[in-house]
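Colleague: Please give me a close look at one part of this model, the surroundings of the ligand, and set it briefly against the chain as a whole.

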Amino acid sequence: MGYEFILSEVDGAVGLVTLNRPKVLNALSPALMAEVTDALGHMERDEAVRAVVITGGSRVFAAGADIADMAERSSVDQLLRDQTGRWAGVTSLTKPLLAAVNGYALGGGCELALMCDLIIAGDTARFGQPEINLGIIAGAGGTQRWPRTAGKYLAMEVNLLGGQLTAQRAYQLGLVNRVVPAEVTIEVARRLARTIAGKPPLAARMIKESVNQSLETPLQQGLAVERRNFYFLFATEDQKEGMRAFLEKRRGTFRGR
Ligand code: CAA
């Protein structure tokens, strides 16, 4: 697929989207965002893809929304083009999405990582919401996903001070799943994605939906969603295959049916 600001490839059952505007540290322009959501849309529809990794490459994840693009915009411009609403194309992906983060993940870049299901950080990763330094606030989840992930006080610190957290601190706070040497971040994320891709995809989809529901609903409602998804999976071939394979002491083969 020929994109200008990203690279998109599928290797077996794993999709890889690489942000690719290195000269401006992968600043997230509307055109780049449109390409990301387009590529993810293709991967969503491609049944062969079972997990997706998004990365900015070896040096930087993304230094945020494109400041040059926003600097002279009015509120009405921003509202009409719904700049950050475009990220719905990321959060609507039903397949597991892993972020492989090296270097800066700031502003919209950090928010993009927080939209993912797992975050693998290279030891060079730096997370932060510096929008306050520009006279704005985070607009793609930075004031909402931080408190849900790391609590109110850390969310306030990150957003009010506009500083950066190291990969190690982010790990201690439960924001990232693994910290690895930067040279292997993408490979580790791809490996984890391949492992997930080998599992029954409908179960993976129901896990993603159920866990995300836990952040949106009261407990009883979330439990009801989980139960419904649990019962639903008994209608799938993969459940029969998974349980028979266990009983027959062999490895299951899952078709996503
Ligand atoms: N938008 C546009 N261009 C950016 C950019 C951004 N977010 N971040 C970096 N760039 C550009 C720089 O302007 C520079 O371009 P030139 O070479 O043409 O001057 C190039 O990328 C390299 O950047 P620096 O020279 O600044 O690199 P550095 O290593 O000295 O500093 C940095 C790195 C600390 C990340 C610094 O670039 C920086 O602070 N960037 C802005 C971070 C930021 O404020 N992000 C939030 C944006 S708002 C947002 O994201 C809103 C939202 O919630 C959706």
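Modeller: Of the contacts in the chain between residues at least 6 apart in sequence, 66% join residues at least 24 apart, where contact means heavy atoms within 4.5 Å. This is a predicted model, in which local features need pLDDT of at least 70 and side-chain atom pairs count only at pLDDT 80 or more, while totals for chains, interfaces and linings use all residues. Residues are numbered from 1 along each chain as its sequence is written, and side-chain values use heavy atoms, with hydrogens and water left out.

Turning to the ligand, 21 residues surround it, and the closest are Ala63, Ala65, Gly108, Glu111 and Glu131; a residue belongs to this shell if one of its heavy atoms lies within 4 Å of the ligand. The shell comprises 12 nonpolar residues, 5 polar and 4 charged, with Gly counted as polar.

Three polar contacts (pairs of N or O atoms within 3.5 Å) can be described, each to an oxygen atom of the ligand. In the side chain of Glu131, an N or O atom is 2.7 Å from such an oxygen, whereas for Gly108 a backbone N or O atom lies at 2.8 Å, and for Lys23 a backbone N or O atom lies at 3.5 Å. The protein covers 61% of the 990 Å² of accessible area that the ligand has on its own, as computed by the Shrake-Rupley method with a 1.4 Å probe. Helix 2 (67-70), strand 5 (104-106) and helix 5 (108-115) are the elements that give two or more residues to the shell, with helices (H or I, at least four residues) and strands (E, at least two) taken as DSSP runs numbered from the N terminus.

Note on methods
A polar contact is a pair of N or O atoms within 3.5 Å; within protein, one must be able to donate a hydrogen and the other to accept it, and residues adjacent in sequence count only if both atoms are side-chain atoms.
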